[in-house]
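Thanks for making time this morning. I would like to walk through one structure slowly, so please have the sequence and the view in front of you.

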Amino acid sequence: MHEFGLCEGVLESVQTRAGGRPVAGIRVRCGVRHAVDPDAMAQAFSLVAAGTEAAGAAVEVVTVPATVTCRDCGTASETADLLAVCPRCHSTSVELSGGDELVLESVRYATPTG
Ligand SMILES: [Zn+2]
């Protein structure tokens, strides 16, 4: 489960941002190239975050599409499919860019009143 490695980096960002405040939930923008399974991500995060201020935090994964650019007709479009073909001319001679980010988008803190 490669989500573990990703989660360790995410946890570091969460802890830097939280500064010891209890974390109720996080939202992570994850490029489609990481091929992250949201359930596996949440499970992995709960394990790496155990014993920290982010223990038990809800994990929301926002999948970021990649951009596919056609070498034949020049069309650029977004795709969540890494075996992309050009949507316009159906060429398979395409170039993928982006979709490889892993960004902590937001952190939600636990409040005493809930
Ligand atoms: Zn094309």
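For a compact globule of 114 residues one would expect a radius of gyration near 13 Å, whereas the protein chain in this predicted model has 17 Å, and I should say at once that it is a predicted model we are looking at. The extent of the C-alpha trace can also be given along its principal axes, where the protein chain spans about 55 × 25 × 20 Å. As for burial, 25% of the 114 residues in the protein chain count as buried.

Let me turn to the secondary structure, where we have 2 helices and 6 strands in the protein chain, and if you read along the sequence you will meet them in the pattern α-β-α-β-β-β-β-β. Among the contacts in the protein chain with a separation of 6 or more, 71% are made by residues 24 or more positions apart.

Now to the sheet, and in what order do its strands lie? There are 3 strands in this open sheet, they are arranged in the order 2-1-6, and their pairing is mixed. Strand 2 and strand 6, which covers residues 102-109, stand at the edges with a single partner strand each, so one side of each has no neighbour in the sheet. On average, and with direction ignored, neighbouring strands of this sheet are turned by 20 degrees against each other. Strand 1 and strand 2 run parallel and are joined by 7 bridges; to take one pairing, Cys-30 has Thr-63 in strand 2 as its bridge partner. Packed on this sheet is helix 1, which touches strand 1 and strand 6 and whose direction makes about 45 degrees with that of strand 6.

That brings me to the interior, and here a general remark may help: in soluble globular proteins, nonpolar side chains tend to be buried together. In our model the largest nonpolar core has 26 residues, of which Cys-7, Val-10, Leu-11, Met-41, Phe-45 and Val-59 touch the most other members. The elements giving two or more residues to this core are helix 1 (3-18), strand 1 (23-31), helix 2 (38-48), strand 2 (58-64) and strand 3 (66-70), and helix 1 supplies the largest share, with 5 residues.

If you would like one residue to follow on the screen, take Val-10, which, once its neighbours within four places in sequence are left aside, is in contact with Val-28, Phe-45 and Leu-104.

Definitions and conventions. Residues numbered from 1 in each chain as written. Predicted model: local features only at pLDDT ≥ 70, side-chain atom pairs only at ≥ 80, totals over all residues. Core = buried A, V, L, I, M, F, W, Y, C linked by C-beta atoms within 7 Å. Buried ≥ 20, exposed ≤ 12 C-beta atoms within 10 Å, placed from the backbone. Helix = DSSP H or I, 4+ residues; strand = E, 2+ residues; numbered from the N terminus. Contact = placed C-beta atoms within 7 Å. Pairing = 2+ DSSP bridges. Axes fitted to C-alpha atoms, helices over the stretch in contact; angles between N-to-C directions. Rg over C-alpha atoms; globule rule 2.2 N^0.38 Å.
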